[in-house]
Amino acid sequence: MLGLRPTAAEPVVPVDSPLTALEAVRAVEAELGHVLDTKLRRAFDVDQVFAQDVAGRVTTFVRRGGKRLRSAFAWCGWRAAGGSGDPTALLRTATALELVQACALMHDDVMDGSPLRRGAPAVHVELAQMHRAARMTGSPEVFSTSAAILAGDLALVWADDVLTETALGSPHGTRLFHEWRAMRTEMVAGQYRDIHAQAAGSSGVDEAVSIATLKSALYTVERPLALGAALTGGDDHTLNALRSAGRCAGLAFQLRDDLLGTYGNPKTTGKPADDDLRTRKLTYLLAVGLWLADAAGDEEAVDALGPSLDPDVGVEVGVGGRSDEAVSRMRAALERTGARGVVESKISELAATSVRHFAGATPDPVVRREFTTLVERASGVALGHTGEAA
């Protein structure tokens, strides 16, 4: 697949402060490419098979793209807290965020058994294909699961390398590292609560919100904003406003992702449209749908959306995948109860609230407009300049 040993890449030349989030993302892409080239070259120095099969796949996966929302939000936090001039530390921090995102996605795909990511086979699926093509011994699934976990671990190691180097060279490195350390732990906690809720057949709205906050909202928006602000030594007032804005925008992002996971087009999203339903993932959408069904006395919807419990042990069964018929019943129940509309309204409310909180962090109209645009992109909600849903 990769074949050729990489050549040394030219380092990114520091430039003046990017004027827009889009310019910042482009600069992050350049820095990210340099880091990946360097890491892959060093991996070949360690071991060629490891570099070819694991490190190469990590670099390919990261280069495949993604929304780069975390990079853009980190720029917003940096600018809102007064960041200007040489953006190198920001670009390096954003690069670390993109690498830790790669780790999260590769591990998430293994845990969920998802076949697609970013419009291509998930890393564990690709590794299983390699195993079969090479006529290797043993189970392709066991091999690919183990190798994909290692690939995700490697992405996390690279992320930590970049962040640590940045923190050591920053006058505000301690604060930067504290934000990073908290974010990593929150990610693991959120992922565990996610699989725990599936195994336990959980259905509560509050639990769904807690999982969405830990697993996605914090590390998608709130922590990137705080990491950007940490590079400037931003004051507590600014940081608190950014945290509030990030928490709301992050939840709006996750709730939109929940809807796309149920109703989205795989050709557009790059991932299957029914994984959450098939595995009965505890999303806010599912929890609201079940609550509404129960309140309305809709026993058919309650049966469709509720856990399939083994009466002997009292835990969810068939978590590996509900049938196509069961998934269709779940989707129909969510529509009939009005859960989809409730979630859409909640997304709009969160997005508008996020923009209002951000306005308290900075008077700069340019940065505020940039943040609003990003929230619109993350939430799928059109916002006016006042932060109200249009």
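The structure, a predicted model, holds 2 aromatic pairs. Rings of Phe, Tyr and Trp (its six-membered ring) count as paired if their centres lie within 6.5 Å; planes under 30 degrees apart are stacked, over 60 edge-to-face, and the rest tilted. Phe-73 and Phe-371 form an edge-to-face pair, 5.7 Å centre to centre with 65 degrees between the planes. This pair links distant parts of the chain. Phe-73 sits in helix α3 (residues 69-80) and Phe-371 in helix α16 (residues 365-379), 298 residues apart. Helices (H or I, at least four residues) and strands (E, at least two) are DSSP runs, numbered from the N terminus.

Both rings of this pair belong to buried residues. Phe-73 has a relative accessible area of 0%, and Phe-371 has a relative accessible area of 0%. Buried means under 20% relative accessible area, exposed over 50%, and partly exposed in between (1.4 Å probe, protein chains only). Phe-371 also pairs with Phe-358: the ring centres are 4.0 Å apart and the planes meet at 5 degrees, so this pair is stacked. Phe-358 lies in helix α15 (residues 339-359) and Phe-371 in helix α16, so the pair ties together parts 13 residues apart in sequence. Phe-358 is buried, at 1% relative accessible area. Ring pairs thus link Phe-73, Phe-358 and Phe-371 into a cluster.

Phe-73 has further partners. Contact means heavy atoms within 4.5 Å. Leaving aside neighbours within four places in sequence, Phe-73 is in contact with Thr-220, Val-221, Pro-224, Leu-225, Phe-371, Leu-374 and Val-375. The C-alpha atoms of Phe-73 and Ala-226 are 9.2 Å apart, while the two residues are 153 apart in sequence.

The model contains 27 salt bridges. A salt bridge is a side-chain nitrogen of Lys or Arg within 4 Å of a carboxyl oxygen of Asp or Glu. Arg-92 bridges to Glu-31, with the closest N and O atoms 2.8 Å apart. Arg-92 is in helix α4 and Glu-31 in helix α1 (residues 21-46); they are 61 residues apart, and the pair links distant parts of the chain. Arg-92 counts as buried at 17% relative accessibility. Glu-31 is buried at 6%. Helix α4 also carries Glu-98, while Arg-68 lies in the loop between α2 and α3, so their pair ties together parts 30 residues apart in sequence. Their side chains meet in a salt bridge of 3.2 Å, N to O. Glu-98 and Arg-68 are both buried.

A further bridge joins the side chains of Lys-281 and Asp-194 (2.8 Å, N to O). Lys-281 is in the loop between α11 (275-278) and α12 (284-296), and Asp-194 is in helix α7; 87 residues separate them, and the pair links distant parts of the chain. Lys-281 is buried, with a relative accessible area of 8%. Asp-194 counts as buried at 1% relative accessibility. Salt bridges that share partners join Asp-108, Asp-109, Asp-112, Arg-117, Asp-194, Lys-215 and Lys-281 into one network.

Helix α5 (residues 123-133) has buried residues Val-123, His-124, Glu-126, Leu-127, Ala-128, Met-130 and His-131. Their cover includes α2 (48-63), α4 (88-112), β2 (120-121) and α6 (140-168). Just after α5, Arg-135 takes a positive phi of about 55 degrees.

On the surface, Met-111, Tyr-192 and Ile-195 form a nonpolar patch with about 280 Å² of accessible area together. Patches are made of residues with over 30% relative accessible area and no salt bridge; like charges are joined within 9 Å, and nonpolar side chains (Val, Leu, Ile, Met, Phe, Trp, Tyr) within 5 Å. Accessible areas come from the Shrake-Rupley method with a 1.4 Å probe; for residues, only the protein chains shown count as cover. Ile-195 is found in helix α7 (residues 173-200). Ile-195 is partly exposed, at 32% relative accessible area.

Overall, the chain has 16 helices and 2 strands. The radius of gyration (over C-alpha atoms) is 22 Å. The globule rule, 2.2 Å times the number of residues to the power 0.38, gives 21 Å for 390 residues, so the chain is as compact as a globular protein of that length. Of the 390 residues, 54% count as buried. The chain exposes about 16,800 Å², of which carbon and sulfur atoms supply 55%.

Residues are numbered from 1 along each chain as its sequence is written, and side-chain values use heavy atoms, with hydrogens and water left out. In this predicted model, local features need pLDDT of at least 70 and side-chain atom pairs count only at pLDDT 80 or more, whereas totals for chains, interfaces and linings use all residues.
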